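Visitor: Could you take me through one part of this model closely, starting from a single loop and then working outward to the sheets and helices?

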Amino acid sequence: MGASIQSDTPVRVDREARAEYLEFACHLARLAGEVILPRFRHRLAVENKKAGTEYDPVTEADRAAERTMRAEILGTYPSHGVLGEEFGLEMGDGLTWVLDPIDGTRGFVMGLLHWGTLVALFDGQRPVVGAIRQPVLDETFAGDGGRAIYRCGQEERALATRGCQDLGWALAGTTAPEMFRTERQVAGFDRIRRLARGMRYGTDCYLYAMLAMGLADLVIEANLKPYDVQALIPVVEGAGGVITDWDGGNPAMGGEVLATGDGRLHERVLAELRA
């Protein structure tokens, strides 16, 4: 599913188009929130997409929000492709909107707040814009790799990561320790967990937003899908952070992902993962 949206030649997106797409990503995320919020903290039917193997819940809120975003994309950019967690891939002209209507459905169905809508536009190699939306708090975190912004109500301000080069002082987090499955992943995560100042769990996409805001220092995860990570990349990078895979490469297709607010910390963590 994911590999087919990749290309050896990325689609060129100029500055003016990038700004337009960034606003559209925020618009899509807001529309999704309008669909999701009336269903939040209500008793919804929850299906397990991986019944018999693990818990991967989905609700009508996820599906309705993705349908809404897909319809808006079709009406505005009919030649673009769409890759969504709930309804898969529709190929387009090389630019692909990558959607996760509710990243953190486990938290959503429990009435918690660590979840959000993720929207990215992928050029064939990297996401050029991304938006993270937490509708309960009316928060949007958006970026284009060169800048990142925070919006809440009438407030808008630039996002910037903070300096932290010492792993022993880093405030870190991950969604869940069970996401690390292979021997390499378990050993790598355990090493970083022991060396970091603190490790939080259950964060999903929201910790990446807090990293971009300068309130956290490190996120380490594994077994992500493209729709789990693409929206996060332009926000983290636009705020001055670094996000790669565990080998320092392009994380756009998911897998093992490492994000830090400080490039010096990033190099230190990569070294520890190679040890």
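Guide: In this predicted model, Glu85 sits in the loop that links strand 3 (81–84) to strand 4. Once its neighbours within four places in sequence are set aside, Glu85 is in contact with Lys49, Glu66, Leu99, Asp100, Pro101, Ile102 and Tyr227. Thr96 is 11 residues from Glu85 in sequence, and the C-alpha atoms of these two residues are 13 Å apart in space.

The strands on either side of this loop belong to an open sheet of eight strands with mixed pairing, whose order is 4-3-5-6-7-8-9-10. Strand 4 (88–90) and strand 10 (155–158) form the edges, and because each has a single partner strand, one side of each is left without a neighbour in the sheet. On average, and with direction ignored, neighbouring strands of this sheet are turned by 15 degrees against each other. Within the sheet, strand 7 (residues 127–134) and strand 8 (residues 139–143) run antiparallel and are joined by five bridges; in this part of the sheet, Arg133 stands opposite Thr140 of strand 8.

Two helices that pack on this sheet can be described next. Helix 1 (residues 15–36) touches strand 5 (96–103), strand 6 (116–122), strand 7, strand 8 and strand 9 (148–152), and its direction makes about 30 degrees with that of strand 7. Helix 5 (residues 206–213) also packs on the sheet, where it touches strand 7, strand 8, strand 9 and strand 10, and the direction of helix 5 makes about 70 degrees with that of strand 8.

Helix 1 has a helical partner as well, since helix 1 and helix 2 (residues 60–76) pack at an angle of about 145 degrees with their axes 9 Å apart, and helix 1 passes helix 2 in a right-handed crossing. From helix 1, the contact is made by Phe24, His27, Leu28, Leu31, Ala32, Val35 and Ile36, while helix 2 contributes Ala61, Ala64, Ala65, Thr68, Met69, Glu72, Ile73 and Thr76. Sorted by class, the residues in the contact of helix 1 with helix 2 are 11 nonpolar, three polar and one charged.

The aromatic residues add a further link between helix 1 and the sheet. The structure holds 13 aromatic pairs, and one of them joins Tyr21 to Trp97 in an edge-to-face arrangement, with 6.0 Å from centre to centre and 85 degrees between the planes. Because Tyr21 lies in helix 1 and Trp97 in strand 5, the pair ties together parts that are 76 residues apart in sequence.

Another open sheet, this one of five strands, has the order 12-11-13-15-14 and mixed pairing. Its edge strands are strand 12 (198–200) and strand 14 (242–245), each of which pairs on one side only, and the twist from one strand to the next averages 20 degrees. Strand 11 (residues 171–173) pairs with strand 13 (residues 218–224) in the parallel sense over two bridges, and the bridge partner of Gly173 in strand 13 is Val219. Helix 4 packs on this five-stranded sheet and touches strand 12, strand 13 and strand 15 (255–260), its direction making about 170 degrees with that of strand 13. Helix 5, already met on the eight-stranded sheet, packs here too, touching strand 11, strand 13, strand 14 and strand 15, with its direction at about 150 degrees to that of strand 13.

Finally, helix 4 (residues 183–195) and helix 8 (residues 263–274) have axes that come within 9 Å and cross at roughly 130 degrees, which makes helix 4 oblique to helix 8. Helix 4 passes helix 8 in a right-handed crossing. At this contact, Gly188, Arg191, Ile192 and Leu195 of helix 4 meet Arg268, Val269, Glu272 and Leu273 of helix 8, and the residues of the contact divide into four nonpolar, one polar and three charged.

Conventions:
Residues are numbered from 1 along each chain as its sequence is written. This is a predicted model: local features need pLDDT of at least 70, side-chain atom pairs count only at pLDDT 80 or more; totals for chains, interfaces and linings use all residues. Side-chain values use heavy atoms; hydrogens and water are left out. Two strands pair if DSSP finds at least two bridges between them. Helices (H or I, at least four residues) and strands (E, at least two) are DSSP runs, numbered from the N terminus. Axes are lines fitted to C-alpha atoms, for helices over the stretch in contact, and angles run from 0 to 180 degrees between N-to-C directions. Contact means heavy atoms within 4.5 Å. Angles under 35 degrees count as roughly parallel, over 145 as roughly antiparallel, 65 to 115 as roughly perpendicular and the rest as oblique. A crossing is left-handed if the near helix is turned anticlockwise from the far one by less than a right angle, and right-handed if clockwise. Ala, Val, Leu, Ile, Met, Phe, Trp, Tyr, Cys and Pro count as nonpolar, Asp, Glu, Lys and Arg as charged, and the others, Gly among them, as polar. Rings of Phe, Tyr and Trp (its six-membered ring) pair if their centres lie within 6.5 Å; planes under 30 degrees apart count as stacked, over 60 as edge-to-face and the rest as tilted.
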